[in-house]
Structures are given as C-alpha cells and as structure tokens.
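Reader: I'm new to this and would like to learn how to read a protein structure. Could you walk me through one?

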Amino acid sequence: MKWRRSQDIGAVLSEQPEPLVVGSPECVPRPCDLHPEQIVEHEYLGLLPEDLQEAIATWEEERLEEDEQEAEADFPTEYSSDLSLAPGWKVGGFATWHLTDPRTVDCTVCGTSMPPLLTAHHVEWDPASESWAPLEDRRPDLYRHVITPTGVYLGRGYLRVHTCPTDAFHPHRLSFQ
C-alpha cells in the first residue's frame with residue numbers, strides 16, 4: 001500500500017492502462033460504475049458468544065414458523081445470509097468463514113490481528129435472498145448484469161486483503177475463503 005496526497009496526483013488518465021501480464025482473464029475487472037454505500041455488518045455467526053448464537057437460532061426458528069403460516073416468503077430471513085455479512089466487493093467489514101472454520105490473520109511483524117481492508121467476490125448480492133441488493137437492482141431482467149458487474153471470478157469464495165491496523169507499512173496478508 002502506498003499513501004499519497006491528493007494534491008500530488010495529476011490528471012486522471014482518460015484511457016486506463018491494461019495490465020501487461022495477467023494469469024487469468026477472469027482476474028481483470030471489466031469497467032463498471034462504482035456506487036459506494038455505507039452499511040452495517042455484524043460478526044460471523046460462529047464467532048459470536050454461544051448464548052447469542054442460540055438466541056439467533058431461536059429467532060430464526062420463530063421467523064420460519066411465521067413465514068410458513070403466512071406462506072409469503074420464498075426464502076426465510078437468516079442471520080448469516082441476510083443480516084450479518086454483506087457479499088460482494090467491500091472495504092472494511094467482517095470476514096465470512098462459511099467454507100472453513102474461522103482462523104486468525106495476524107500481522108507477521110507485530111502479531112496484531114489484521115481485519116480485512118478489501119474483500120472481493122464474484123457476485124455483488126445473492127438473488128435468492130436479495131437482502132443486500134440495492135432496490136433499483138431487484139429486477140429479474142437485470143440479475144445477470146447487476147450481480148456480477150466486475151466480471152471477476154476468483155473461484156467460489158472470497159479474496160481478502162488484510163492490513164495491519166498498528167502500522168500501515170507492515171506487510172499485508174491475503175486470505176481466501
């Protein structure tokens with residue numbers, strides 16, 4: 001990571017340079033619009049205290065029973081997929097551990113726990129739940145385009161870049177999930 005002052009940066013290039021070497025074409029994002037929005041995430045379920053995990057399980061069961069009685073919801077609301085961790089590309093937030101058990105990512109220099117700085121994923125949201133989808137994108141005719149706007153495919157999981165919160169010059173680390 002390199003820190004720069006905005007006044008030291010020249011004019012934005014009208015044509016962005018292409019990488020000289022790319023291992024796989026699916027690792028190069030296609031041009032797309034960026035519309036950042038601030039959201040609130042909650043920690044991965046398996047890292048919460050046991051009593052809170054049990055309370056969430058009870059709440060989900062109650063919601064499922066309500067949905068079955070009303071027969072309205074195709075997919076019941078779940079903490080893990082609808083409320084805790086946003087899918088897609090994001091800056092900051094929490095890491096998901098849905099494919100493996102949770103593990104720590106610590107700085108190799110000072111041992112400080114390193115939170116994710118950037119997370120990349122091949123989809124922006126899950127059309128099965130739509131809870132993280134922007135309202136304007138909840139149209140079936142747009143699904144293919146809007147859930148994969150970058151065209152990047154890193155496998156079925158996430159790529160995360162972790163940085164040391166103690167010292168920005170300590171080496172970053174990658175994790176894949």
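**Reading the sheet**

Author: Sure, and keep in mind that this is a predicted model. Let's begin in the middle of the sheet: β2 and β3 are paired in the antiparallel sense, over four bridges. Ala 120, for instance, stands opposite Leu 159 in β3.

Reader: What is the order of the strands in the open sheet?

Author: The order is β1-β2-β3-β4, four strands with antiparallel pairing. The edge strands are β1 (90-91) and β4 (173-176), each pairing on one side only.

Reader: How many bridges does β1 make with strand β2?

Author: Two bridges, again in the antiparallel sense, and β2 covers residues 116-120. Val 91 stands opposite Leu 118 in β2. Over at the β4 edge, four bridges join β3 to β4, and Val 161 has Leu 174 as its bridge partner in β4.

Reader: How do I read the two faces of a strand?

Author: The general idea is that side chains in a regular strand alternate between the two faces of the sheet. Now take strand β3, residues 159-162: Leu 159 and Val 161 are on one side, Arg 160 and His 162 on the other. These four are all buried, so both faces of β3 are covered.

Reader: Next, charges. How many salt bridges does a search of the whole structure find?

Author: It finds two. In general, side chains of opposite charge can pair when their charged atoms come close. One salt bridge here joins the side chains of Arg 5 and Asp 8, at 3.8 Å from N to O. The other is between Glu 41 and Lys 90, with the closest N and O atoms 2.5 Å apart. That pair links distant parts of the chain: Glu 41 lies in the segment before α1 (50-70) and Lys 90 in strand β1, 49 residues apart.

Reader: Are Glu 41 and Lys 90 buried or exposed?

Author: Use the cut-offs: buried means under 20% relative accessible area, and exposed means over 50%. Glu 41 is at 12%, so it counts as buried, and Lys 90 is buried because its value is 12% too. Now try Arg 5 and Asp 8: Arg 5 is exposed because its relative accessible area is 54%, and Asp 8 counts as exposed at 55%.

Reader: Which residues make up the largest nonpolar core?

Author: There are six: Ala 86, Trp 125, Trp 132, Ala 133, Val 146 and Ile 147. Leaving aside neighbours within four places in sequence, Ala 86 is in contact with Ile 39, Glu 41 and Trp 132. You've met Glu 41 already, as the salt-bridge partner of Lys 90.

Technical notes
Residues numbered from 1 in each chain as written. Predicted model: local features only at pLDDT ≥ 70, side-chain atom pairs only at ≥ 80, totals over all residues. Heavy atoms only, no water. Core = buried A, V, L, I, M, F, W, Y, C linked by side-chain atoms within 4.5 Å. Buried < 20%, exposed > 50% of the residue type's maximum accessible area, 1.4 Å probe, protein only. Contact = heavy atoms within 4.5 Å. Pairing = 2+ DSSP bridges. Salt bridge = Lys/Arg side-chain N within 4 Å of Asp/Glu carboxyl O.
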